[in-house]
Every structure is written in C-alpha cells, then in structure tokens.
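Colleague: Please take me through this model. I will ask short questions, and I would like the reasoning before each answer.

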Amino acid sequence: MNPDIQNIKDELEKSTICNKQIILTCSADGISFNLQTPDILGNVIQEWFGHWMTSKSISWSTPSNTQIYPDFIINKHNLEVKTFNIDASAAFDIANFKALIDSLTIDAVRLDTDYLVISWKRVGDKFYFG
C-alpha cells in the first residue's frame, strides 16, 4: 500500500468513524426530509470522504469527469473508494469486472491502485458507518 494511502487509512481508524450516524437530508421548495433509501449512499460517502480529507489537510484531486477512474488522486497515487452494506454481500464492480480486465491492457496503472472499502449499515430508518 502506498504510504500516503496508509496514512489516510490510519487517520480513518483513529477517527472512530465506525457506528457514526450518516444523515441524508434533502431540502427543496421549503420541504425538508431525511432520505430513507440507500441508493445514493455510496456517492454521498465518497463525497464526504473528500471533505474529510480536506479537514485533515490532505491534498487530493479528482479527474475532471467524476464518472471516470480514479475516484481520487493523492500525491500522484490513485485511490478508488468502494462502499457496501455490511449486512449484505459486497457486489460493487462485479458487473464491470470484464471491463476492468479489458482496461488493464490499455491502462496498466490500475494494477497499482489502492482501494478504500467503507461499509455502512442500516438500523431502522437510520444509516451508520459499518
């Protein structure tokens, strides 16, 4: 693991993030409510992670198109963030596995990418880091 990424992992572990509540609030046209569906949770956690790194004075960037690889660039090193429901099987990127294999012949740097896997759980109508 890249030392910069290892430092991020260590900082996350020190932050006691596990079991902290994730509140998804939406507000539009004077109506505010907490979201109950986990469909956007992965994107929310990924965006939160960027803000978390900034709060820790960690320098990072993203590609200009946030839908392409990698999720984050930290000191010229690629980091992908994956999230999953701890009470279900982790199914991220399984559908894209063939595309990943095919891309390795074109973009072999993907072999040197670190992955940060963050779990979450739902308890009643609330979400928590796993």
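Modeller: A helix here is a DSSP run of H or I with at least four residues, and helices are numbered from the N terminus. Note also that the model is predicted.

Colleague: Which residue follows H2, and what is the sign of its phi?
Modeller: Most residues other than glycine have a negative phi. The residue that follows H2 has a phi near 60°, which is positive. That residue is Ser57, and its sign is positive.

Colleague: How many helices and strands does the protein have?
Modeller: From the N terminus, the elements run α-β-β-β-α-β-β-α-β-β. The count is three helices and seven strands.

Colleague: How far apart are the end C-alpha atoms of H2?
Modeller: H2 covers residues 41-55, which is 15 residues. At 1.5 Å a residue, the expected span is 21 Å. The model agrees, because the end C-alpha atoms are apart by 21 Å.

Colleague: Which residues of H2 are buried?
Modeller: An α-helix has 3.6 residues a turn, so residues three or four places apart point the same way. Buried means under 20% relative accessible area. In H2, the residues that count as buried are Leu41, Ile45, Phe49, Gly50, Trp52 and Met53.

Colleague: Which elements do the buried residues of H2 pack against?
Modeller: One partner is a helix, H1 (3-14). The other partners are strands. They are E1 (21-22), E4 (72-74), E5 (77-85), E6 (114-123) and E7 (126-129).

Colleague: In what order do the five strands of the open sheet lie?
Modeller: Strands of a sheet pair through backbone hydrogen bonds, either parallel or antiparallel. In this open sheet the pairing is mixed. The edge strands are E1 and E4, each pairing on one side only. The order is E1-E7-E6-E5-E4.

Colleague: Do E4 and E5 run parallel or antiparallel, and how many bridges join them?
Modeller: E4 and E5 form a hairpin with two residues between them. In E5, Asn78 is the bridge partner of Ile73. The strands run antiparallel, and the number of bridges is three.

Colleague: How many bridges join E5 to E6?
Modeller: E5 and E6 run parallel. One pair is Asn85 with its partner in E6, Trp120. The number of bridges joining E5 to E6 is seven.

Colleague: How many of the nine residues of E5 are buried?
Modeller: The cut-off for buried is under 20% relative accessible area. E5 is mostly covered. Of its nine residues, the number buried is eight.

Colleague: Is Lys76 buried or exposed?
Modeller: Lys76 lies in the loop between E4 and E5. Its phi is positive, about 65°, although Lys76 is not a glycine. In the same turn, Asn75 has a positive phi of about 50°. The relative accessible area of Lys76 is 81%, so Lys76 is exposed.

Colleague: Where does Asp29 lie?
Modeller: Asp29 has a positive phi of about 55°, although it is not a glycine. It counts as exposed because its relative accessibility is 79%. Its place is the loop between strand E2 (25-28) and strand E3 (31-34).

Colleague: What is the omega of the peptide bond from Tyr69 to Pro70?
Modeller: Most peptide bonds are trans. Pro70 lies in the loop between H2 and E4. The bond from Tyr69 to Pro70 is cis, with omega near -10°.

Colleague: Which residues beyond its sequence neighbours does Ser119 contact?
Modeller: Ser119 belongs to strand E6. Its relative accessible area is 15%, so Ser119 is buried. Leaving aside neighbours within four places in sequence, its contacts are Phe84, Ile86, Phe129 and Gly130.

Colleague: What share of contacts with a separation of 6 or more comes from residues 24 or more positions apart?
Modeller: Contact means heavy atoms within 4.5 Å. Among contacts in the protein with a separation of 6 or more, residues 24 or more positions apart account for 59%.

Colleague: How much of the exposed area do carbon and sulfur atoms supply?
Modeller: Buried residues make up 30% of the 130 residues. The protein exposes about 8,500 Å². Of that area, carbon and sulfur atoms supply 54%.

Colleague: How far apart are the mean positions of the positive and negative charges?
Modeller: There are 11 positive and 16 negative charges. The distance between their mean positions is 5 Å.

Notes
Residues are numbered from 1 along each chain as its sequence is written. This is a predicted model: local features need pLDDT of at least 70, side-chain atom pairs count only at pLDDT 80 or more; totals for chains, interfaces and linings use all residues. Side-chain values use heavy atoms; hydrogens and water are left out. The expected span of a helix is 1.5 Å times one less than its number of residues. Buried means under 20% relative accessible area, exposed over 50%, partly exposed in between (1.4 Å probe, protein chains only). Accessible areas come from the Shrake-Rupley method with a 1.4 Å probe; for residues, only the protein chains shown count as cover. Lys and Arg count as positive and Asp and Glu as negative; His and the chain ends are not counted. The place of a charge is taken as NZ of Lys, CZ of Arg, CG of Asp or CD of Glu. Two strands pair if DSSP finds at least two bridges between them.
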